[in-house]
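Here's a chain to pick apart by question and answer. Take a look at the model first, then see how many of these you can call before reading on.

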Amino acid sequence: MPNEYKETNTVKLVRHQPAKLDDVDRKILGLLAADSSQSYAELSELLHLSAPAIHDRVKRLKRDGVIKATVAKIDACKVGRTLLAFILVNTKNVVATKRLLALSNLPEVEEIHTVAGDCGVMLKVRAQETEGLEELLGKVQDIEGVDGTRSYIVLSTFVERGPDPRL
């Protein structure tokens, strides 16, 4: 069994491999990122391709995982989540870092990242108010192996977007 490989680190799920994208794929991604409700017919007019050709490309981009989902971008303030914060979490070891993944079930937690630097994990969270953030911090600090947290509350957001497909 010396050649047998067993995945032991569930925090790092996959090694990222860029998809092979041409200029048309990138233009489609840019248009859909700006407004995903555009029809294939509308996209075909903008790109001077047939609607079936656009459909095939979008289907391939979805199959290849380039387009992960088509979702509504919700205004957090309009739904009562007015407090945006980033929480840096110090953990004792990788096991404690893995335990933090349980927080992904909480509606306040938008993102969980392992990071390089003076802490191991960074959370992006949206709470309704400071009391909600305090409650969430208590849940984080209750996780065995968490040494401490530092919170950064966002005052204003000027740019918030996904990756630009043209890069």
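**Loop, helices and overall shape**

Q: Where does His48 sit?
A: A word on naming first: helices (H or I, at least four residues) and strands (E, at least two) are DSSP runs, numbered from the N terminus. With those labels, the place of His48 is the loop between H2 and H3.

Q: How far can we trust this, and what is the average pLDDT of the protein chain?
A: It's a predicted model, where local features need pLDDT (the predictor's confidence in each residue, from 0 to 100) of at least 70 and side-chain atom pairs count only at 80 or more, while totals for chains, interfaces and linings use all residues. Residues are numbered from 1 along each chain as its sequence is written, and side-chain values use heavy atoms, with hydrogens and water left out. In the protein chain, 90% of the residues score at least 70. The chain average is 89.

Q: Which element has the lowest mean pLDDT, and which the highest?
A: At the low end is helix H4 (residues 94-99), with a mean of 90. The top mean is 97, and it belongs to S1.

Q: How many contacts beyond near neighbours in sequence does the stretch with pLDDT below 50 have?
A: The stretch in question is residues 5-9. Counting a contact as heavy atoms within 4.5 Å, its total beyond near neighbours is four.

Q: In what order do the helices and strands run?
A: The protein chain has five helices and four strands. From the N terminus on, they go α-α-α-β-α-β-β-α-β.

Q: What radius of gyration does the protein chain have?
A: The radius is taken over C-alpha atoms, and the globule rule is 2.2 Å times the number of residues to the power 0.38. For 167 residues, a compact globule would come out near 15 Å. The C-alpha trace spans about 55 × 55 × 25 Å along its principal axes. The chain's own value is 20 Å.

Q: What is odd about the phi of His48, and how big is it?
A: Most residues other than glycine have a negative phi. His48 isn't a glycine, yet its phi is positive. The residue comes just after H2, and its phi is near 60 degrees.

Q: Is His48 buried or exposed?
A: Buried means under 20% relative accessible area and exposed over 50%, with partly exposed in between (1.4 Å probe, protein chains only). His48 has 70% relative accessibility, so it counts as exposed.

Q: Which elements do the buried residues of H2 pack against?
A: Those buried residues are Leu43, Ser44 and Leu47. They fall within an arc of 105 degrees seen down the axis, so they line one face of H2; the arc is that of the directions from the helix axis to the C-beta atoms. Glu45, also in H2, is exposed at 62%. The partners of the buried set are H1 and H3.

Q: Which residues of H3 are exposed on the side away from its buried ones?
A: Ile54, Val58 and Leu61 are buried in H3. They cover an arc of only 60 degrees around the axis, which puts them on the same side of H3. Residues three or four places apart in an α-helix point the same way, because there are 3.6 residues a turn. Across from the buried set, the exposed residues are Pro52, Lys59 and Arg63.

Q: What span should H5 have, going by 1.5 Å a residue?
A: The expected span is 1.5 Å times one less than the number of residues. H5 (residues 130-141) has twelve residues, and the distance between its end C-alpha atoms agrees with the expected 16 Å.

Q: Which strands do the buried residues of H5 pack against?
A: The buried set is Gly132, Leu133, Leu136, Leu137 and Val140. It falls within an arc of 140 degrees, so these residues line one face of H5. The face turned away carries the exposed Glu131, Glu134 and Glu135. The buried side packs against S1, S2, S3 and S4.

Q: Which residues does Leu137 touch, leaving out those up to four places away in sequence?
A: Leu137 lies in H5 and is buried, with a relative accessible area of 16%. Its contacts are Ile87, Thr149 and Ser151.

Q: How far apart in space are Leu137 and His55?
A: In sequence, the two are 82 residues apart. From C-alpha to C-alpha, the distance is 45 Å.
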